[in-house]
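Here is a small set of exercises to work through with the model open beside you. Try each task yourself before you read its solution.

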Amino acid sequence: MNGARRDFRIAGLVEAPEFLFSAPPGELMPDDSRFAVIWMNHSALAAAYDMDGAFNEALLSLTRGAETQAVLRAADRILEPYGGLGAYGLKDQISNRFITEEIAGLVVTSRVVPPVFLAVAAFLLNIVVSRMIRAEREQIGLLKAFGYTSFEVGLHYFKFIMAIAVGGAMLGCLFGVIGGRSLATVYQIYYKFPFLVFRVDPAAFVTGVAASVLAAAAGGILVLRGVFTLTPAVAMRAAAPADYSRAAAMGGILRTLLDQPSRMVLRRIAREPLRTLLAVIGIAAGMAISVAMVNVTAAFDITVERNFTLVDRSDVTLAFIEPLPDRVIHDLRRIAGVIEVEPFRSVPAVLRNGPQSYRGGISGLVAEPRLNRAVGADLAPLPIREDGVLLGSALAELLGVAPGDRLEIEVREGRRPVIEVTVAGVAETLIGSPAYMRIEALNRALKEPGRVSGAWLRIDAAQSGEIFRKLRGMPAVAGVTVATEARAALEKVMDSGAGAVRYLMTAIAAVITFGIVYNSARIAFAERARDLASLRAIGFTRAEAAFVLLGELAVIILLALPIGAVLGYFMGEAVSAGFSTDLYRVPALFVPEGYGAAAAAVLLAGMVSGWLVKRDVDRLDLVATLKARE
Amino acid sequence: MGRPPVRQGGTLRLVTPASDGAAFATQGLTKTYGAGPAAVHALRGVDLDVPRGEMVVLLGPSGSGKSTLLNILGGLDRATAGSARFRGAELTTMSDAALTRYRRHHVGFVFQFYNLMPSLTARENVELVTEIADDPLDPAEALALVGLESRLDHFPAQLSGGEQQRVAIARAVAKRPEVLFCDEPTGALDSTTGRAVLRVLQDVNRETGATVMIVTHAAATAAMAHRVIHFADGRIREVAVNAAPAPAETIEW
C-alpha cells in the first residue's frame, strides 16, 4: 500500500453491485486468485496514503429524468482541473455491462429456442395424430355409424392432443422450475451474488402452457379434418390402396436403373413432398445448430489458443503501480531465470473519430515486439510504426476508420494531451480492443520520455517460484499476471455463463435431430408394416425388407446433410457475431471438424433410429400383419 | 435334425427323389398359441400328404386350423410339434433365413386383401418378385396370364379389387413357384369377380403344374379341386378326392 507492506484483519466479506464482475487492472477476465476489491475506512486509507480528504472516485445518483450525458459533461468539466479521468454512465460500468449483456443473452435464448422446439413438437404431433387417425379409421366409422357427430369424434381426438400438450406443458413447468433453480445457482456462484432468488413467476407458466397448447393444437387440428371428411361407409370398408399414380412415373432410363425396392422408396418420398421437406428441414436445422455450436466452441478455443501463442507469448506480465523509468527493465533482466523482458507503456484514453468514440487505452510497444505482438489478418506479426496508431479490427470497425484515416486520441493520464494520429494499420484482434503505438512516440506525446507502465517477461519455468516471489516482493509492482493462470481464467469465463449456452444448444440440437429422425423412422414403420410383411412373405430377407423402410430415412438424412452444412455455416457466423463484443471477438471460422462432427451426429441418430426400427422389422409377426386389413 | 438342407444359390436340396410325388407330407403337426388354460390349440396333430401338381381346397369353419396349416406349410409360421416336409425337406426345423429362401424360391402367396405395394404399378409389383427369382416368367407375360395385359402401368389405387387380386396372382406365379398358397383369395370379391379369380388359379395349376392350395369359406369352391380337405377343431375331419374337377366358371355360390 503506497509502496509499503501492511497487515490487516479481515472484518467481513461483502459484495457490491459495481464489482460483481471484477477483473484485475488491464485485464478482461475476473480471477479471484489474484484480484479482489477491498473496502476499508476512508480516513485510515487517507492516512496510509497521506492524502487527507482526497478521493479518486465518486458515485453520483441522478434525479429522475436527468439528462445523463449533460451530467457527465458537467462532472467532467468540474473534475478536469483535478485530473479527472472522465465520468461514465451506468451502461458503461464494466460489471453492469457484463451482467446486462448476460441477461440480454438469456432473453434472446428464451425467445429463440422455445419456438423452434415447439415447432418441431407440433410437427411431430401432427404426424403422430394423422397416423393414428388413419389407423383408427374403422373405429371412427363405427362411432359415426352409431350416431356420434363428426364434432364429437373430432373432440375425442382433440382431447387426446390436449392431453399430450398439457401433460408435456406440466412436465415442462417441472423442468422449468428445476432448470431455473440450477441456473440461478450457477449465476449466483459465477457472479458471486450474495443471494439470487429463483422466483416462480405464474405469468411465465401461463405463457409456457399456453404456447405449448397452441402449438400442439396447431399441429393437430389440421389432421382432424380427416375425421370430418370420413363417412361411416367409407371408413368401415378396407382403405383403398394409397394412390401413387401421380408420384413420379420413373420410366425411361430410370426403368433400367432402379430396382423395385428403390422405386418404392423414391415414390413414397415423392408422394409426400411436404412431409419429406419438413423432415429434411428439421434434421438440417438440428445439424445446423450442431455445426454452429461446434464451430463456435472451436472458435472460442482458437481465440484462446491464438491469443496465448501468437499475440501474447510472454510467461509473466508485470504491471507497475505508476510509470517507472525504463532502467527498471535492466533490473528485471538481471533476475536469475528471466530470459527476456519487453517493456510497455499503457495509458487510458478516449479514441474519437467524429461522433464515434471509444473509452479504452493505448499500448505503447517497442518497434518489433516479440512477447506481445499485434498480428495481421494473415496472423503474421506487424511492426509498430513510429508515425501512427495500429488498431484492433473490432475497434477500427467500431470507430469506422481505415488505415490512412486520422484519429483523435485524448490521453487520460499525466499531462492528458490530446493528439491526432494516423491509423497506420488494422491488427487482427481476438481479445480486447487494443490500440498500439510505438512506446517512444507515446512517451513523447506525454512528454514523459523513458517511462514504462509494465513489462512482459519470458522466464525459465524451472525457476518460476523464485522469480514470482521476487517480483511480488517488489513494492513498485502492482500485479504479476502469469500467462497460464490468465489463460485458465479466460477459459473459465468463456466456458461458463453465456459461453455455457453453447452446451445447452448442442443438447437441444441433439434432441431435435434425434426426435425427427426417430419419429420419421417409427412412422414409416407403422405405415408400412403390412407392406414389409408382404415383402417378407414373398421371400424378401429381413435386410431387403428393411432397405425399403430405411432407404427413405437414408434419403432424408442425405438430403439434410448438405442443407444442414450450409445452414450451419450461416448460423455459425450469426452466433459468432452474437458472442463477439468489444471485449472479445469470436471469429467466424470454417472448422471442417464441426461439419464432420455434426454430420456424424446426424448419421448416428439415423443409425440408432434405424437399428431400433430394424429390430421391429425383424420381430414383425408376419401372419398377424398380413391379415390386417390396414 | 441340425441345419436345414440348402445348397448354393439358395434353393433347397431335395432329400427325396422328385419323383416321390408328394409336395407336402405332415405328421402329428401341432400348433398351440399361448400356454396354460388360455392356450389355443390351432392344430391338434395333423397327418396329411399333398401330391404334387394338385389343386387342393381346405374347407372348414373359422378357427378350425386351415389357415394355420397353410401358414406353416408356406413358411410364414412355425409348428409347435410334429413334422412338415416340403418335397422331403423338413420345414419345422429350418432357420429363419432358410424359410426366407424357401418362400423366395419355391412358394407363391395370394392373400385375401391382395397385399400389393401401393407405390408400385402392376408390372412393377410383379417385377418385385422376378428381380429376386431364379427363373422367372416375363412380368408382362405373367400379367397376360391373368388377363391384365392392358393394365401394366396402373397403380393398385387405379385397379378394381378383382384386378388387384389378379395382379397378386401374377406376382405369385411369376417366379414359377412349385406351390401356390391362397388364403381366402375370393374373400373380398363379389361372385363374378371371385369366379374369374378362381379360373385364373385353375389355369395356373393346369398350365404351370404348380400345386395350388386354397383356404376358403366357400364350400362351392370344392367342386374345382382335385382334393378337398375338411377341417374341424384343429384336425382333419375328412379328405375327399375328386376325380373330375369342375371348371371354375361352373361354380355356383
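The exercises below go from the contact between chains to salt bridges, aromatic rings and backbone angles.

This is a predicted model, in which local features need pLDDT of at least 70 and side-chain atom pairs count only at pLDDT 80 or more, while totals for chains, interfaces and linings use all residues. Residues are numbered from 1 along each chain as its sequence is written, chains are lettered from A and ligands numbered from 1 in the order in which they are written, and side-chain values use heavy atoms, with hydrogens and water left out.

**Exercise 1. The contact between the chains**

Task: Describe the contact between chain A and chain B by its residues and its buried area.

Solution:
Step 1. Start with the residues in contact (heavy atoms within 4.5 Å). Chain A brings 32 residues and chain B brings 33 residues.
Step 2. Turn to buried area, the accessible area (1.4 Å probe) that two parts lose on being put together, summed over both. Between chain A and chain B about 2,900 Å² is buried, and carbon and sulfur atoms give 58% of it.
Step 3. Look for the main contributors on one side. A:Pro241, A:Gln260 and A:Ile538 supply 21% of the area that chain A buries against chain B, more than any other three residues.

**Exercise 2. Polar links across the contact**

Task: Count the salt bridges and polar contacts between chain A and chain B, and find the helices of chain A involved in the contact.

Solution:
Step 1. Apply the salt-bridge rule: a side-chain nitrogen of Lys or Arg within 4 Å of a carboxyl oxygen of Asp or Glu. There are 4 salt bridges between chain A and chain B. One of them joins B:Glu124 to A:Arg263, with the closest N and O atoms 2.7 Å apart.
Step 2. Count polar contacts, pairs of N or O atoms within 3.5 Å; within protein, one must be able to donate a hydrogen and the other to accept it, and residues adjacent in sequence count only if both atoms are side-chain atoms. Between the two chains, 14 residue pairs are in polar contact, both residues being at pLDDT 80 or more.
Step 3. Assign the side of chain A that touches chain B to helices (DSSP runs of H or I, at least four residues; strands are runs of E, at least two; both are numbered from the N terminus). At least two residues each come from α9 (260-271), α16 (501-538), α17 (542-579) and α19 (622-627) of chain A. The largest share, 8 residues, comes from α16(A).

**Exercise 3. Two salt bridges within chains**

Task: Locate the partners of the A:Glu386 and B:Asp203 salt bridges and say whether each residue is buried or exposed.

Solution:
Step 1. Fix the scale: buried means under 20% relative accessible area, exposed over 50%, and partly exposed in between (1.4 Å probe, protein chains only).
Step 2. A:Glu386 meets A:Arg438 in a salt bridge (3.4 Å, N to O). This pair links distant parts of the chain, 52 residues apart: A:Glu386 is in the loop between β5 (381-382) and β6 (389-392) of chain A, and A:Arg438 is in strand β9 (residues 435-438) of chain A. A:Glu386 is partly exposed at 35%, whereas A:Arg438 is buried at 16%.
Step 3. B:Asp203 meets B:Arg206 at 3.0 Å, N to O. Both lie in helix α6 of chain B, 3 residues apart, and are separated by about one helical turn. B:Asp203 is buried at 12%, but B:Arg206 is exposed at 56%.

**Exercise 4. Aromatic rings in chain B**

Task: Classify the pair B:Phe24 and B:Phe86, and place it in its surroundings.

Solution:
Step 1. Rings of Phe, Tyr and Trp (its six-membered ring) pair if their centres lie within 6.5 Å; planes under 30 degrees apart count as stacked, over 60 as edge-to-face and the rest as tilted. The structure holds 9 aromatic pairs over all chains.
Step 2. The centres of B:Phe24 and B:Phe86 are 5.4 Å apart and their planes stand at 45°, so the pair is tilted.
Step 3. B:Phe24 lies in strand β1 (residues 22-33) and B:Phe86 in strand β4 (residues 81-86) of chain B, so the pair ties together parts 62 residues apart in sequence.
Step 4. Both B:Phe24 and B:Phe86 are buried. With B:Tyr102, B:Phe109, B:Phe111 and B:Phe181, they form one aromatic cluster.

**Exercise 5. Positive phi angles**

Task: Compare the settings of A:Asp50 and B:Glu184.

Solution:
Step 1. Most residues other than glycine have a negative phi. A:Asp50 has a positive phi of about 55°, and B:Glu184 one of about 50°.
Step 2. A:Asp50 sits in the loop between α1 (42-49) and α2 (68-79) of chain A and is exposed at 69% relative accessibility.
Step 3. B:Glu184 sits in the loop between β7 (179-183) and α6 (191-208) of chain B and is buried at 11%.
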